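Biologist: I am new to this structure. Could you show it to me and take my questions one at a time?

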Amino acid sequence: MTRPAVNVAVRAARSAGNVILRYMNRIDGLNVVEKQRMDFASEVDKMAEAEIVKELRRAYPTHAILAEEGGAIGKGPLVWVIDPLDGTHNYLRGIPHFCVSIALLDKGEPVYAVVFDPLRDELFTASKGDGAYLNDRRMRVSKRENLTGAMIATGFPYRQRAHLDSQLAMTRALLTQAEDIRRSGSAALDLAYTAAGRYDGFFEIGLKPWDMAAGVLLVREAGGQYGDFAGRDGIPESGNLVAGNLHVVKAMVEAISAQATPALLKA
């Protein structure tokens, strides 16, 4: 049974998706700002976020919101975490891989999640304890028992280039066993694909809460696990995330932690 909060988040995600698709053929005319070095946002991000906030505030006026563009709105144990356009760099270049990500956290724990790919009309949803779904069909993480033949997803974040040598070493260590590594430009979709069994595992350095809040619940409810580079369970404050099925996460943590600096292993 779909929870009311998920229905609200789905409605918000679809409203944002309509905005995103409406401007796809007008990218050259968009106003784009560089928030920090190599970190871009467009007016589409802001318009999509406004649609999401409007829907959420209408249904849950007392809930707090943490949004990528607008920041924090209100305080309280229940917080909606929003990425209105995860994969902005792809979107601005006409690369057809991006999504809307919305999650509700209760005292820091994700309880509801929606990741929506408006181009493919793929809707990934999860409620804590109720499982994860892709367009109303139950999702499960892959059954792979080790890294042999595994397909791993990652990202090379523009904010964390100081850790580039370590990440390349991690990538090299994983590739000695895995089939391949993909870098698609949307952490939320990478996590959704991991929950759906399309990827066997995922890792990335320095993610923000809105990058991973929805995706990690999808993975957990699909039977998987997530944590930090030292193998500690839960959403890492560091943003250094590993996710996948239990066997692959264990193997990835072993490979990654051997190459990570002490800074990357901190909680």
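Modeller: Gladly. This is a predicted model. Let us start with Thr125.

Biologist: Is Thr125 buried or exposed?

Modeller: Thr125 lies in strand β8. Its relative accessible area is 14%. Buried means under 20%. Thr125 is therefore buried.

Biologist: Which residues does Thr125 touch, leaving out those up to four places away in sequence?

Modeller: The contacts come from several parts of the chain. Val6 and Val10 belong to the buried residues of α1, and Leu218 to those of α6. The full list for Thr125 is Val6, Val10, Ala113, Val114, Gly131, Ala132, Tyr133 and Leu218.

Biologist: What separation do the C-alpha atoms of Thr125 and Ile102 have?

Modeller: Thr125 sits in β8. Along the chain, Ile102 is 23 residues apart from Thr125. Their C-alpha atoms are separated by 9.7 Å.

Biologist: How far apart are the end C-alpha atoms of helix α1, and what span should its residues give?

Modeller: Helix α1 covers residues 4-22, which is 19 residues. At 1.5 Å a residue, they should span 27 Å. The ends agree with that, because they are 27 Å apart.

Biologist: What do the buried residues of α1 pack against?

Modeller: Those buried residues include Ala9, Ala13 and Ile20. Their partners are both helices and strands. They are α2 (43-59), β5 (78-86), α3 (88-92), β6 (99-106), β7 (109-117) and β8 (122-127).

Biologist: How many residues of α6 are buried?

Modeller: α6 has 13 residues and reaches 18 Å from first C-alpha to last, close to the 18 Å expected. Trp210, Met212 and Glu221 are among its buried residues. The helix is mostly covered, and the buried count is eleven.

Biologist: Are α5 and α6 roughly parallel or roughly antiparallel?

Modeller: The axes of α5 (residues 187-195) and α6 (residues 209-221) come within 8 Å. They cross at roughly 0°. Angles under 35 degrees count as roughly parallel. So α5 and α6 are roughly parallel.

Biologist: How do the residues of the contact of α5 with α6 divide into nonpolar, polar and charged?

Modeller: From α5 come Ala187, Ala188, Leu191, Ala192, Thr194 and Ala195. They meet Asp211, Met212, Gly215, Val216, Leu218 and Val219 in α6. The division is nine nonpolar, two polar and one charged.

Biologist: Over which residues is the pLDDT below 50?

Modeller: The mean pLDDT of the chain is 92, and 92% of its residues reach 70 or more. One stretch falls below 50, with 20 contacts in the model beyond near neighbours in sequence. Where pLDDT is low, predicted coordinates should not be read in detail. The stretch is residues 34-40.

Notes. Residues are numbered from 1 along each chain as its sequence is written. This is a predicted model: local features need pLDDT of at least 70, side-chain atom pairs count only at pLDDT 80 or more; totals for chains, interfaces and linings use all residues. Side-chain values use heavy atoms; hydrogens and water are left out. Helices (H or I, at least four residues) and strands (E, at least two) are DSSP runs, numbered from the N terminus. The expected span of a helix is 1.5 Å times one less than its number of residues. Buried means under 20% relative accessible area, exposed over 50%, partly exposed in between (1.4 Å probe, protein chains only). Contact means heavy atoms within 4.5 Å. pLDDT is the predictor's confidence in each residue, from 0 to 100. Axes are lines fitted to C-alpha atoms, for helices over the stretch in contact, and angles run from 0 to 180 degrees between N-to-C directions. Angles under 35 degrees count as roughly parallel, over 145 as roughly antiparallel, 65 to 115 as roughly perpendicular and the rest as oblique. Ala, Val, Leu, Ile, Met, Phe, Trp, Tyr, Cys and Pro count as nonpolar, Asp, Glu, Lys and Arg as charged, and the others, Gly among them, as polar.
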